[in-house]
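This report describes the fold of one protein chain for a reader at the bench. The sequence and the model are shown first, and the account of the strands and of selected residues follows.

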Amino acid sequence: MSEVAELKGWTDGADAIVYQSCDACRYIWYFHRAFCPSCGDASPQTHRASGRGTVYAATVVRRAATPETKAHVPYAILLVDLAEGFRIMAHGNADLNLGDSIAIEFRPFAGLRTPYAVRAV
Ligand SMILES: [Zn+2]
C-alpha cells in the first residue's frame with residue numbers, strides 16, 4: 001500500500017477531508033475511486049484538503065428530523081466549494097450565506113463526527 005493510499009478522511013474516523021486527482025488529465029474528485037472517473041487512469045493521487053472554501057448553497061434546518069438531531073437545530077446543510085476544486089456537503093452555522101468564506105471543522109452530530117462549516121476569519 002502506498003503512502004498516499006493511507007490518508008484517511010472523516011468517513012474513516014479521521015478529522016480530515018481527502019480527495020483525489022489525476023496526473024494524466026488533471027481531474028479532481030471527492031469520492032474515493034481506484035481510477036480516474038474522467039479518463040480512466042488507474043493511478044489517482046490522494047490528498048488532504050485544506051478545509052477552506054466558499055458556500056455554494058445553503059438551507060437551514062429548524063425542525064429536527066430525529067430525536068438525536070434535536071439538540072443541533074437550527075443548523076445549515078451546505079454545499080461547499082473547497083479551495084482544491086471539488087464540492088462537499090457539510091453541516092454549518094445557520095447564519096452562513098451563499099459566497100461566504102468558510103473553514104471546515106469536525107463536530108459530533110447525532111452520534112457521528114461530521115464536517116461542520118464555520119465562518120472563516
Ligand atoms: Zn484522468
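A residue counts as buried if 20 or more other C-beta atoms lie within 10 Å of its own C-beta atom, as exposed if there are 12 or fewer, and as partly exposed in between. The model discussed here is a predicted one. With 21 C-beta neighbours inside 10 Å, tyrosine 116 therefore falls in the buried class.

**Domains**

The domain assignment divides the protein chain into domain 1, residues 4-48, and domain 2, residues 52-119. The centres of domain 1 and domain 2, taken over C-alpha atoms, are separated by 22 Å. To the contact between them, domain 1 contributes seven residues and domain 2 contributes nine residues. On the side of domain 1 that touches domain 2, six residues are nonpolar, none is polar and one is charged.

**The open sheet**

Three strands make up an open sheet, in the order β2-β1-β3, with antiparallel pairing. Strands β2 (28-29) and β3 (45-48) are at the edges and have a single partner strand each, so one side of each is left without a neighbour in the sheet.

Strand β1, residues 18-21, pairs with β2 in the antiparallel sense over two bridges. Serine 21 has isoleucine 28 in β2 as its bridge partner. The pairing of β1 with β3, also antiparallel, is made over four bridges; there, glutamine 20 stands opposite threonine 46 in β3.

β1 and β2 form a hairpin with six residues between them. Arginine 26 is found in the loop between these two strands. Because arginine 26 has 11 C-beta neighbours inside 10 Å, this residue counts as exposed.

**The barrel**

A second group of five strands closes into a barrel in the order β4-β5-β6-β8-β7, and the pairing in the barrel is mixed. From one strand to the next, the twist averages 45°. Three of the strand pairings are set out below, each with a pair of bridge partners.

| Strands | Direction and bridges | Bridge partners |
|---|---|---|
| β4 and β5 | antiparallel, eight bridges | glycine 53 and leucine 82 |
| β5 and β6 | antiparallel, six bridges | aspartate 81 and arginine 87 |
| β6 and β8 | parallel, two bridges | histidine 91 and tyrosine 116 |

The connection from β5 to β6 is a hairpin with four residues between the strands, in which glycine 85 takes a positive phi near 110°.

**Tyrosine 116 and its surroundings**

Which strand holds tyrosine 116? Tyrosine 116 lies in strand β8, residues 112-119. Histidine 91, in the parallel pairing of β6 (residues 87-92) with β8, has tyrosine 116 as its bridge partner. Leaving aside neighbours within four places in sequence, tyrosine 116 is in contact with Ala90, His91, Gly92, Ile104, Glu105, Phe106 and Arg107. Threonine 54 is 62 residues away from tyrosine 116 along the chain, and the C-alpha atoms of the two are separated by 13 Å.

**Backbone geometry in the loops**

Most residues other than glycine have a negative phi, and most peptide bonds are trans. Two residues other than glycine have a positive phi in the loops described here. For arginine 26, phi is near 70°. For alanine 110, phi is near 50°.

Alanine 110 is placed in the loop between β7 (101-109) and β8. Is alanine 110 buried, exposed or partly exposed? With 15 other C-beta atoms within 10 Å, alanine 110 is partly exposed, because the class in between takes the residues that have neither 20 or more such atoms nor 12 or fewer.

A cis peptide bond joins valine 73 and proline 74, with omega at about -5°. Proline 74 is located in the loop between β4 (52-61) and β5 (75-82).

Definitions and conventions: Residues are numbered from 1 along each chain as its sequence is written. This is a predicted model: local features need pLDDT of at least 70, side-chain atom pairs count only at pLDDT 80 or more; totals for chains, interfaces and linings use all residues. Domain bounds come from an automatic or database domain assignment. Two residues are in contact if their C-beta atoms, placed from the backbone, lie within 7 Å. Ala, Val, Leu, Ile, Met, Phe, Trp, Tyr, Cys and Pro count as nonpolar, Asp, Glu, Lys and Arg as charged, and the others, Gly among them, as polar. Two strands pair if DSSP finds at least two bridges between them. Axes are lines fitted to C-alpha atoms, for helices over the stretch in contact, and angles run from 0 to 180 degrees between N-to-C directions.
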